[in-house]
Amino acid sequence: MLQKADHLFAEQKYDRALIVIDSLRKVYPSAIETRKQALRLQQSIELKRSQEELAILDSTLQAVKADYLQQKDQVDKDKEQLRATPEELTLLTKTRVRRDSLQTRHDALCAKIRYIHKKQKEL
C-alpha cells in the first residue's frame, strides 16, 4: 500500500495517495515502521500540495495588489477633484477585501509550509 501511495504521489495524484495512506493506517495499525514511512510520505504530499497552491496564490495576490494600487491612485485623484463615484469607492473596497483575503491565505500557507519543514526535521 505504501508503494501504491508513493506511486500516486509521483503521478501528482495527491488526494488518492492520501486516501491510500489513511487506509494503510487503518488496515495495519501495528505496522509501526511502515506507518512512520507513510507519515513522511504524507508530509511530503502536503508540502508539495501547499507549495503548488502557494505558487498560484502568490501570482494572483501580486496581480490583485497591483490592481488595488492602480485603483487607489485613481480614487485618490478623483477624491481630490471631488469626482469619486460610489461605484468607484465600492470597487476599491471590494478589491482591498480580496487583497486582504488572499494575503491571509498566503500567510497561512507559508506558516503551514514552515510547520511541515519543522516536523520533517523532527522525524
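Here is a short chat about a predicted model of a protein.

Me: What makes this protein count as helical, and how many helices and strands are there?
Reply: There are four helices and zero strands. Going from the N terminus, the order reads α-α-α-α.

Me: How do you know whether the protein is a compact globule or not?
Reply: Set the radius of gyration against the globule rule, which is 2.2 Å times the number of residues to the power 0.38. For 123 residues a compact globule would come out near 14 Å, but the protein has 22 Å. The box filled by the C-alpha atoms tells its own story, at roughly 75 × 25 × 20 Å along the principal axes.

Me: How do you know that the span of helix 4 agrees with its 37 residues?
Reply: The expected span is 1.5 Å times one less than the number of residues. Helix 4 covers residues 86-122, so it should span 54 Å, and its end C-alpha atoms are indeed 54 Å apart.

Me: Why are some residues of helix 4 called buried, and which are they?
Reply: They're called buried because their relative accessible area is under 20%. The residues in helix 4 that pass are E88, L92, T95, L102, H106, L109, C110, I113 and I116. What they pack against is helix 3 (32-80).

Me: And what share of the protein is buried?
Reply: By that cut-off, buried residues make up 27% of the 123 residues. As for the surface, the protein exposes about 8500 Å², with carbon and sulfur atoms supplying 53% of it.

Definitions and conventions:
Residues are numbered from 1 along each chain as its sequence is written. This is a predicted model: local features need pLDDT of at least 70, side-chain atom pairs count only at pLDDT 80 or more; totals for chains, interfaces and linings use all residues. Side-chain values use heavy atoms; hydrogens and water are left out. Helices (H or I, at least four residues) and strands (E, at least two) are DSSP runs, numbered from the N terminus. Buried means under 20% relative accessible area, exposed over 50%, partly exposed in between (1.4 Å probe, protein chains only). Accessible areas come from the Shrake-Rupley method with a 1.4 Å probe; for residues, only the protein chains shown count as cover. Contact means heavy atoms within 4.5 Å.
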